[in-house]
Structures are given as structure tokens and as C-alpha cells.
Amino acid sequence: GDAQCTACAAGKYSTAGQGQTSVSVCDNECSAGKWSDQAGLFEAAQCTACVAGKYSTAGQGQTSVSVC
């Protein structure tokens, strides 16, 4: 049978493409001032920026809008 894929955790993403065999490719984090509660991202543009007038000092890899 086909091996099960595991998505990168929320707040992280991989640019390594399909067919990877280790979660270690999930080595990119949403940058400071951005967040994501979604797993399986593959580019920084998928991270969500804090809304206008809000900012975050919580650092990279955040998973909730509450950091804004």
C-alpha cells in the first residue's frame, strides 16, 4: 500500500516538494508577525499576516491569531 503522508505542523512549512520521507523538511517557520493554524503549508505566502494596526512580538512559527 501507499505510505501515509504526514503534513508539516501548523506554523511550519516545507519547500522541499512532494515525496519527502522525513518530517525534518518542515524546517521553515512562519515569519515574525505572521501565523498559521493550518498544517501542510508549502510556502511562506500561506502564512497569515497580523491585520492592519496589529503586530506580534511572539517570534516565528506562531499558530494563532491571538499573537497579534
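Cysteine 5 is exposed, at 77% relative accessibility. In this predicted model, cysteine 5 has no disulfide partner, because its sulfur is 11 Å from the closest cysteine sulfur, in cysteine 8, too far for a bond. A disulfide here requires sulfur atoms within 2.5 Å. Cysteine 5 also helps to line the largest pocket, and is listed among the residues nearest the pocket centre.

**The disulfides**

What do the other cysteines do? The structure holds 3 disulfides. A disulfide is a covalent bond between the sulfur atoms of two cysteines. Number the bonded cysteines in sequence order, and the pairing reads 1-2, 3-4, 5-6.

| Disulfide | S to S distance | Torsion about S-S | Hand |
|---|---|---|---|
| Cysteine 8 – cysteine 26 | 2.0 Å | -80° | left-handed |
| Cysteine 30 – cysteine 47 | 2.0 Å | about -80° | left-handed |
| Cysteine 50 – cysteine 68 | 2.0 Å | -80° | left-handed |

Take the pair of cysteine 8 and cysteine 26, whose sulfur atoms lie 2.0 Å apart. This pair links distant parts of the chain, 18 residues apart. Cysteine 8 sits in the segment before β1 (12–13), and cysteine 26 sits in the loop between β1 and β2 (28–29). Cysteine 8 is buried, with a relative accessible area of 7%. Cysteine 26 is buried as well, at 10%.

Next comes the disulfide that joins cysteine 30 to cysteine 47. Cysteine 30 belongs to the loop between β2 and β3 (34–35), and cysteine 47 to the loop between β3 and β4, so the bond ties together parts that are 17 residues apart in sequence. Cysteine 30 has a relative accessible area of 0%, so it counts as buried. Cysteine 47 is buried too, at 7%. The torsion about the S-S bond of this pair is about -80°, which means a left-handed disulfide.

The remaining disulfide joins cysteine 50 to cysteine 68. Both residues lie in the segment after β4, so the pair ties together parts that are 18 residues apart in sequence. Are cysteine 50 and cysteine 68 buried or partly exposed? Cysteine 50 is buried, with a relative accessible area of 14%. Cysteine 68 counts as partly exposed, at 23%. The cut-off explains the split, because buried means under 20% relative accessible area.

**The chain as a whole**

The secondary structure is sparse in kind: 0 helices and 4 strands. From the N terminus on, the elements run β-β-β-β. The C-alpha trace spans about 50 × 15 × 15 Å along its principal axes.

How much of the chain is buried? Buried residues make up 21% of the 68 residues. The accessible surface comes to about 4700 Å². Carbon and sulfur atoms account for 48% of that surface. Consider next the contacts with a separation of 6 or more: residues 24 or more positions apart account for 49% of them.

**The largest pocket**

The largest pocket has a volume of about 480 Å³. Its lining holds 20 residues. Nearest its centre are Cys5, Thr6, Gly17, Gln20 and Val25. Which classes make up the lining? The lining divides into 9 nonpolar and 11 polar residues, with no charged ones.

**Two residues after β4**

Alanine 58 and threonine 63 show how the C-terminal segment meets earlier parts of the chain. Alanine 58 is found in the segment after β4 (48–49). Alanine 58 is partly exposed, with a relative accessible area of 41%. Alanine 58 and alanine 32 are 26 residues apart in sequence. In space, their C-alpha atoms are 6.9 Å apart.

Threonine 63 is also found in the segment after β4. At 39% relative accessibility, threonine 63 counts as partly exposed. Which residues does threonine 63 contact, leaving aside its neighbours within four places in sequence? Ala10, Gly11, Trp35, Ser36 and Asp37 are in contact with threonine 63. Threonine 63 and alanine 9 are 54 residues apart in sequence, and 9.2 Å apart in space, C-alpha to C-alpha.

How values were computed: Residues numbered from 1 in each chain as written. Predicted model: local features only at pLDDT ≥ 70, side-chain atom pairs only at ≥ 80, totals over all residues. Heavy atoms only, no water. Buried < 20%, exposed > 50% of the residue type's maximum accessible area, 1.4 Å probe, protein only. Contact = heavy atoms within 4.5 Å. Areas by Shrake-Rupley, 256 points an atom, 1.4 Å probe, with all protein chains shown as cover. 1 Å grid on protein atoms, 1.4 Å probe; cavity = no way out; pocket = protein on both sides within 12 Å on 5 of 7 lines; lining within 4 Å. Points joined across faces, edges and corners; volume = space filled by probe spheres on them. Nonpolar A, V, L, I, M, F, W, Y, C, P; charged D, E, K, R; others polar.
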